[in-house]
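Reader: I am new to this structure and would like a close look at a single part of it. Please take the surroundings of the ligand, and then go on to whatever else can be described in detail.

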Amino acid sequence: MQQHEDRPIVILTGAGISKESGLETFRDPDGIWARVSIEEVATPEAFVRDPERVHGFYNARRRGLMSEGVVPNAAHLALARLEREWPGEVVLVTQNIDDLHERAGSRNLIHMHGEILKARCEACGGVTDWKDDLEVATRCPACGEAGAMRVHVVWFGEMPFEMARITQALAAAALFVSIGTSGSVYPAAGFVQEARMMGRAHTVELNLEPSDGVSLFHEARHGPASELVPAFVERILASAW
Ligand code: APR
């Protein structure tokens, strides 16, 4: 049996892992994009055209995330346990902009689509923790400029963060697990192919239902993340993989 130290694990998560914590997904029938158009709230052009509308969209989601009933669920907690107990490296790449992985205890975490609890100044580039509403008049705490603050998330048409680090992790991975994502948005939807082509990864999908890319995985389990992920982590830690 190979030593665990040279069996790094890469996990990718999407909105589905936070659904049972009370946060909405995007493409489920009751998802965000069934109610709001991407072009109106999640592109740079939308922000130029109507910044208050974009601020309003993210202000409502930030308040929802900070409401007291929204807490990490068993799936978030199981991934934090895997990072603590697995002797090799565990890299958690999330498409989610919530902070539920951090609150569950995950540390080796990459927010490739940014974080809703951070704001960025387009004048000086400064990024700062942000839990209040953003408005056009909001001043940058670093440079004092008004009208240049935006939520620190990646909009459609913008480059995701830390892609070089993610590619490096995928190339080294012995196990790639995709959790709670529809596999419909690139580059994240292509990570399973990268892990297989560049490396030696065994690839697993854990999702409520088959994703767009389910046929690309060696293994797939379908059901709620709060049940699938703790069971999968138990299996990994018992080295039954
Ligand atoms: N447990 C596991 N999976 C679930 C659960 C659950 N309780 N509930 C829903 N799912 C699954 C759905 O079946 C779906 O396949 O989670 C997936 C969510 O898919 P999307 O709504 O498309 O969310 P995501 O894949 O994270 O979207 C990727 O698209 O809109 C952009 O930037 C946004 O990061 C987002 C990206």
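Author: What follows starts at the ligand and then turns to a pair of helices and two points in the backbone. The model is a predicted one.

The ligand is surrounded by 23 residues. The closest of these are A15, F26, R27, T181 and S182. By type, the shell around the ligand is made up of 10 polar, eight nonpolar and five charged residues.

Several polar atoms of the protein face oxygen atoms of the ligand. At A15 the backbone takes part: one of its polar atoms is 2.8 Å from an oxygen atom of the ligand. W33 uses its side chain instead, with a polar atom 2.8 Å from a ligand oxygen. The side chain of H113 also has an N or O atom 2.9 Å from an oxygen atom of the ligand. On its own, the ligand has 730 Å² of accessible area, and the protein covers 95% of that.

Next come the two helices. Helix α7 spans residues 163-172 and helix α8 spans residues 191-198. They pack with their axes 8 Å apart, at an angle of about 50°. Because angles that are neither roughly parallel, roughly antiparallel nor roughly perpendicular count as oblique, α7 is oblique to α8. On the α7 side, the contact is made by M163, I166, T167, L170 and A171. F191, E194, A195 and M198 make it on the α8 side. Seven of the residues in this contact are nonpolar, one is polar and one is charged.

Two backbone details remain, each in a loop that leads to one of these helices. E162 belongs to the loop between β6 (149-153) and α7. Its phi is near 60°, which is a positive value in a residue other than glycine. P187 is found in the loop between β7 (175-179) and α8. The peptide bond that joins Y186 to P187 is cis, and its omega is near 5°.

Technical notes
Residues numbered from 1 in each chain as written. Predicted model: local features only at pLDDT ≥ 70, side-chain atom pairs only at ≥ 80, totals over all residues. Heavy atoms only, no water. Near = heavy atom within 4 Å. Polar contact = N/O pair within 3.5 Å; in protein donor to acceptor, adjacent residues only side chain to side chain. Areas by Shrake-Rupley, 256 points an atom, 1.4 Å probe, with all protein chains shown as cover. Nonpolar A, V, L, I, M, F, W, Y, C, P; charged D, E, K, R; others polar. Axes fitted to C-alpha atoms, helices over the stretch in contact; angles between N-to-C directions. Helix = DSSP H or I, 4+ residues; strand = E, 2+ residues; numbered from the N terminus. Parallel < 35°, antiparallel > 145°, perpendicular 65-115°, else oblique. Contact = heavy atoms within 4.5 Å.
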